[in-house]
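Reader: I should like to learn how the features of a protein model are read from its atoms. May we take them one at a time?

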Amino acid sequence: MRIHFNGAAQTVTGSQYLLEVNGSRVLMECGLFQGHRAEMTDRNRTFRFDPKTVDAVLLSHAHIDHSGNLPNLVKQGYTGPIHATSATTDLADIMLCDSGHIQEADAEFVNKRRRKRGDPLVKPLYTLQ
């Protein structure tokens with residue numbers, strides 16, 4: 001068995017632990033890293049593993065620092081199951097919709113300044129939809 005600490009290592013946010021056991025790859029947690037915008041953007045857009053190679057996701061609870069990067073994982077090709085209690089999935093549904101809205105609003109805020117300066121626009125990590 002091998003464990004790869006891909007988030008929340010030397011920090012308390014962005015939990016992601018990739019477990020390799022008997023030829024299977026299970027991602028425990030898929031959290032958003034929260035911090036300064038530049039570091040947050042870089043850490044959340046790029047996984048340290050190929051999402052297409054993960055066999056399953058195990059979610060312990062719905063906090064955004066444990067579930068908030070699931071939409072991006074799927075966007076980047078993950079198609080397997082996400083295992084969680086029914087209470088966790090109910091809460092995660094609400095929290096991920098809210099997070100998508102926040103991602104959109106944050107990109108809109110940043111892009112107002114970028115437009116004025118003629119800088120390239122940013123896209124949200126994911127959207128409400």
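Author: Let us begin with a definition: a salt bridge is a side-chain nitrogen of Lys or Arg within 4 Å of a carboxyl oxygen of Asp or Glu. The model before us is predicted. In it, E20 forms a salt bridge with R25, and their closest N and O atoms are 2.6 Å apart.

Reader: How many salt bridges does a search of the whole structure find?

Author: The general idea is that side chains of opposite charge can pair when their charged atoms come close. The search of the whole structure finds 3 salt bridges. Besides the one already described, R43 and E39 meet through their side chains at 3.2 Å, N to O, and R117 meets D119 at 2.8 Å, N to O.

Reader: Where do R43 and E39 lie?

Author: Both belong to helix α1 (residues 37-45), where they are 4 residues apart, about one turn of the helix. R43 has a second role to note: its charged end sits over the ring of F33, 4.2 Å from the ring centre.

Reader: Is R117 buried or exposed, and how do the other residues of the salt bridges count?

Author: R117 is exposed, because its relative accessible area is 54%. Its partner D119 counts as partly exposed at 29%. R43 is partly exposed at 35% relative accessibility, as is E39 with a relative accessible area of 36%. E20, at 22%, also counts as partly exposed.

Reader: Let us turn to rings. How many aromatic pairs does the search find?

Author: A pair of aromatic rings is described by the distance of the centres and the angle of the planes. The whole structure yields 2 aromatic pairs. For F5 and Y17 the centres are 5.7 Å apart and the planes stand at 80 degrees, so this pair is edge-to-face. Since F5 lies in strand β1 (residues 2-7) and Y17 in strand β2 (residues 16-21), the pair ties together parts that are 12 residues apart in sequence. For F47 and F49 the centres are 5.3 Å apart and the planes are at 45 degrees, so that pair is tilted. Both F47 and F49 are buried.

Reader: In what order do the strands form the sheet?

Author: The sheet is open, and its 5 strands follow the order β1-β2-β3-β4-β5, with mixed pairing. Its edge strands are β1 and β5 (82-83), each of which pairs on one side only. Strand β3 (residues 24-28) and strand β4 (residues 56-58) pair in the parallel sense over 3 bridges. M28 stands opposite L58 in β4.

Reader: Which residues have the most contacts inside the largest nonpolar core?

Author: In soluble globular proteins, nonpolar side chains tend to be buried together. Here the largest nonpolar core has 19 residues, and those with the most contacts inside it are L27, F49, V54, V57, L70 and L73. At least two residues of this core come from each of β4, α3 (70-75) and α4 (86-117). Leaving aside neighbours within four places in sequence, L27 is in contact with residues including Y17, F49, V54, V57 and L73.

Reader: Is S99 buried or exposed?

Author: S99 is buried, because its relative accessible area is 5%. This residue lies in helix α4. Apart from neighbours within four places in sequence, S99 is in contact with L32, I64 and Y126.

Methods:
Residues are numbered from 1 along each chain as its sequence is written. This is a predicted model: local features need pLDDT of at least 70, side-chain atom pairs count only at pLDDT 80 or more; totals for chains, interfaces and linings use all residues. Side-chain values use heavy atoms; hydrogens and water are left out. Rings of Phe, Tyr and Trp (its six-membered ring) pair if their centres lie within 6.5 Å; planes under 30 degrees apart count as stacked, over 60 as edge-to-face and the rest as tilted. Buried means under 20% relative accessible area, exposed over 50%, partly exposed in between (1.4 Å probe, protein chains only). A charge sits over a ring if NZ of Lys or CZ of Arg is within 6 Å of the ring centre and within 35 degrees of the ring normal. Two strands pair if DSSP finds at least two bridges between them. A nonpolar core is a set of buried Ala, Val, Leu, Ile, Met, Phe, Trp, Tyr and Cys residues joined through side-chain atoms within 4.5 Å. Contact means heavy atoms within 4.5 Å.
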